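Q: Please give a close look at one part of this structure, beginning with how the strands pair and then working outward to what lies around them. A formal, connected account for a reader new to the structure would be welcome.

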Amino acid sequence: MEETLVLIKPDGVKRQICGEILTRYERKGLIIKAMKLLQTPKELAQEHYAEHKDKPFFGELVDFITSGPVLAFVLAGKNAVTSVRTINGATNPVDATPGSIRGDYALTMDSNVVHASDSVDSAAREIHLWFPEYK
Ligand code: CMP
């Protein structure tokens with residue numbers, strides 16, 4: 001069974017839409033295997049976004065993800081990585097299809113409500129990072 005790491009970012013938690021977002025994944029048939037609400041330590045945020053460390057928006061990414069609580073969870077199911085990314089919609093909400101989470105709930109790239117692993121390899125790395133106690 002494939003697994004992926006999902007974060008409801010501080011904008012989603014603040015707007016109290018965690019339940020609506022989780023329902024979408026559960027309706028699809030994905031299974032919640034682990035979950036926690038946490039205030040992200042700066043070191044974890046920097047490690048999570050390490051692939052963007054040379055990008056001009058790296059500082060803003062880290063500041064945003066550490067600006068309030070995040071709901072982190074592991075979802076499992078067949079093709080979980082691709083399925084979750086389809087449910088989330090395009091990274092830039094301007095391009096996200098209506099019916100996707102970002103298409104329905106987000107307007108800008110910096111506050112795009114959710115993060116999900118972009119490959120099976122990223123998922124393994126990110127699950128280990130956010131849930132070192134898992135498995
Ligand atoms: P996320 O899936 O969390 O992974 C990287 C994040 O960078 C992405 O969602 C966006 O929220 C954020 N981001 C902000 N600015 C940009 C940009 N110019 N290009 C790509 N991603 C960006």
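A: In this predicted model, strand β2 is joined to strand β3, residues 70–77, by 7 bridges, and the two run antiparallel. Two facing pairs show how they meet: M35 stands opposite F73 of β3, and L37 stands opposite L71 of β3. Strands of a sheet are in general held together by backbone hydrogen bonds, and the pairing may be parallel or antiparallel.

The other partner of β3 is β1. Here too 7 bridges are found, and β1 and β3 run antiparallel. E2 has G77 as its bridge partner in β3, while T4 stands opposite L75 of that strand. Strand β1 is also joined to β4, again antiparallel, by 3 bridges. Within this second pairing, I8 has V114 as its bridge partner in β4.

These pairings can now be put together. The 4 strands form an open sheet, in the order β2-β3-β1-β4, with antiparallel pairing. At its edges lie β2, residues 31–38, and β4, residues 114–116, each of which pairs on one side only. From one strand to the next, the twist averages 20 degrees. Helix α5, residues 80–88, packs on this sheet and touches β1 (2–8), β3 and β4; the direction of the helix makes about 30 degrees with that of β1.

How covered is β1? Of its 7 residues, 6 are buried, so that strand β1 is mostly covered. Part of its surroundings is supplied by helix α7, whose buried residues pack against β1, as well as against α3 (42–48), β3 and α5.

Helix α7 itself spans residues 120–130, and its buried residues are A123, E126, I127 and W130. Viewed down the axis of α7, these residues fall within an arc of 105 degrees, and therefore they line one face of the helix. A general property of helices helps in reading this pattern: an α-helix has 3.6 residues a turn, so residues three or four places apart point the same way. The face of α7 turned away from the buried side carries the exposed residues D121 and H128.

One residue of α7 deserves separate attention. W130, found in this helix, is buried because 22 other C-beta atoms lie within 10 Å, where 20 or more are required. Apart from its neighbours within four places in sequence, W130 is in contact with L5 and A72. Its separation from V114 is 16 residues in sequence and 15 Å in space, C-alpha to C-alpha.

The loops beside the strands hold two residues with a backbone feature in common. As a rule, most residues other than glycine have a negative phi. N79, in the loop between β3 and α5, has a phi near 55 degrees, a positive value in a residue other than glycine. V113, in the loop between α6 (101–105) and β4, has a phi near 70 degrees, which is also a positive value in a residue other than glycine.

Are N79 and V113 buried or exposed? N79 counts as exposed because it has 11 C-beta neighbours inside 10 Å, and 12 or fewer suffice for that class. V113, by contrast, is buried, because 23 other C-beta atoms lie within 10 Å of its own.

V113 also has a partner from far along the chain to consider. R15 and V113 are 98 residues apart in sequence, yet 9.5 Å apart in space, C-alpha to C-alpha. R15 is found in the loop between α1 (10–14) and α2 (18–28). With 14 C-beta neighbours inside 10 Å, R15 falls between the two limits and so counts as partly exposed.

Finally, there is the ligand. Which residues are around it? They are F57, L61, T91, M109, D110, N112 and H115. By character, the shell around the ligand divides into 3 nonpolar residues, 3 polar ones and 1 charged one.

Note on methods
Residues numbered from 1 in each chain as written. Predicted model: local features only at pLDDT ≥ 70, side-chain atom pairs only at ≥ 80, totals over all residues. Near = placed C-beta within 6 Å. Nonpolar A, V, L, I, M, F, W, Y, C, P; charged D, E, K, R; others polar. Pairing = 2+ DSSP bridges. Axes fitted to C-alpha atoms, helices over the stretch in contact; angles between N-to-C directions. Contact = placed C-beta atoms within 7 Å. Arc of directions from axis to C-beta.
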